[in-house]
Amino acid sequence: MTKEQKLENIHKKWFEKCECRLKKTAKQPVPGDGNAEAEIVFIGEAPGRSEDEQGRPFVGSAGKFLAEMLSIINLKREDIYITNIVKYRPPNNRDPLPEEKSACREWLLEELKTISPKVIIFLGRHAMNNFFPDLQISQAHGKLLIKSFAGISTKYFFPLYHPAAALYDGSMREVLIEDFKKIPKVLKEIEKHQVK
Ligand code: URA
């Protein structure tokens, strides 16, 4: 079975099995999307209005900004895989609650285990704190983190500010773009690490 087929099965299974209570208010689930063979997986927070309507992650204004930044480093959306820690839209885009994050956690871990990317890039503090609860995004953004987690083979993580937060904040936007430009170097660094 290809990774793509495995991911399809994972999503189908969790559409039924996921017990997240946001299912009651969301229009539909928003599973991860993109290249199953990707070297990079991006993890955001939760779907917003456009994502809830279309059933695909990062298709609204944050997604457009993300696509712009990808093009700066010569990547397209088709080159990467993108998902969220929570697969259903929280009402009025409020922050996802701890129990909503844990209800979707296994689904996310199965995506990561299947793709086994070189690096996992966190978009914002919610995604980062899901794996590194004690870190502050203001301190950790743009720095490569190395840690092993049970069940996933990837041990390289790169936190960034969330594109939605940076979209209308000039200085955060500049920092995010500068951090984004480090991604090709980060991938090379990881390769060097792996051959050692
Ligand atoms: N913000 C997120 O964190 N995820 C999306 O899918 C869209 C906006």
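**Exercise 1.** Which backbone oxygen does the side chain of Arg77 reach at 2.8 Å? Place Arg77 in the predicted model and list its contacts.

*Solution.* Begin with the location: Arg77 belongs to the loop that runs between helix 3 and strand 3 (81–84). Next, follow its side chain, which comes to 2.8 Å from the backbone oxygen of Pro57. Then consider side-chain partners: a polar contact of 3.0 Å joins the side chains of Arg77 and Asp33. Finally, relate this to the ligand: Pro57 is listed among the residues around the ligand.

**Exercise 2.** Identify the surroundings of the ligand and its polar partners.

*Solution.* First, collect the shell, taking residues with a heavy atom within 4 Å of the ligand. The shell consists of Gly44, Glu45, Ala46, Pro47, Glu51, Pro57, Phe58, Asn84 and His162. Second, sort these residues by class: four are nonpolar, three polar and two charged. Third, search for pairs of N or O atoms within 3.5 Å. A side-chain N or O atom of Asn84 lies 2.8 Å from a nitrogen atom of the ligand. The backbone contributes as well: a polar backbone atom of Ala46 is 3.1 Å from a ligand nitrogen, and a backbone N or O atom of Phe58 is 3.0 Å from a ligand oxygen. Fourth, assess burial: the isolated ligand exposes 230 Å², of which the protein buries 92%.

**Exercise 3.** Characterise the space that the ligand takes.

*Solution.* Start with the assignment: the ligand takes the space of the largest pocket. The volume of this pocket is about 510 Å³. Its lining comprises 28 residues, and those closest to the centre are Glu45, Ala46, Ala62, His162 and Ala164. Next, assign the lining to elements: helix 2 (49–54), helix 3 (61–72), helix 5 (125–131) and helix 7 (163–167) each give two or more residues. Last, classify the lining residues: 13 are nonpolar, nine polar and six charged.

Technical notes
Residues are numbered from 1 along each chain as its sequence is written. This is a predicted model: local features need pLDDT of at least 70, side-chain atom pairs count only at pLDDT 80 or more; totals for chains, interfaces and linings use all residues. Side-chain values use heavy atoms; hydrogens and water are left out. A polar contact is a pair of N or O atoms within 3.5 Å; within protein, one must be able to donate a hydrogen and the other to accept it, and residues adjacent in sequence count only if both atoms are side-chain atoms. Accessible areas come from the Shrake-Rupley method with a 1.4 Å probe; for residues, only the protein chains shown count as cover. On a 1 Å grid over the protein atoms alone, a cavity is a set of points where a 1.4 Å probe fits but cannot get out, and a pocket is an open set with protein on both sides within 12 Å along at least five of seven lines; lining residues have an atom within 4 Å of a point. A molecule sits in a cavity or pocket if more than half of its atoms lie within 2 Å of its grid points. Ala, Val, Leu, Ile, Met, Phe, Trp, Tyr, Cys and Pro count as nonpolar, Asp, Glu, Lys and Arg as charged, and the others, Gly among them, as polar. Grid points are joined across faces, edges and corners, and a volume is the space filled by probe spheres set on the points. Helices (H or I, at least four residues) and strands (E, at least two) are DSSP runs, numbered from the N terminus.
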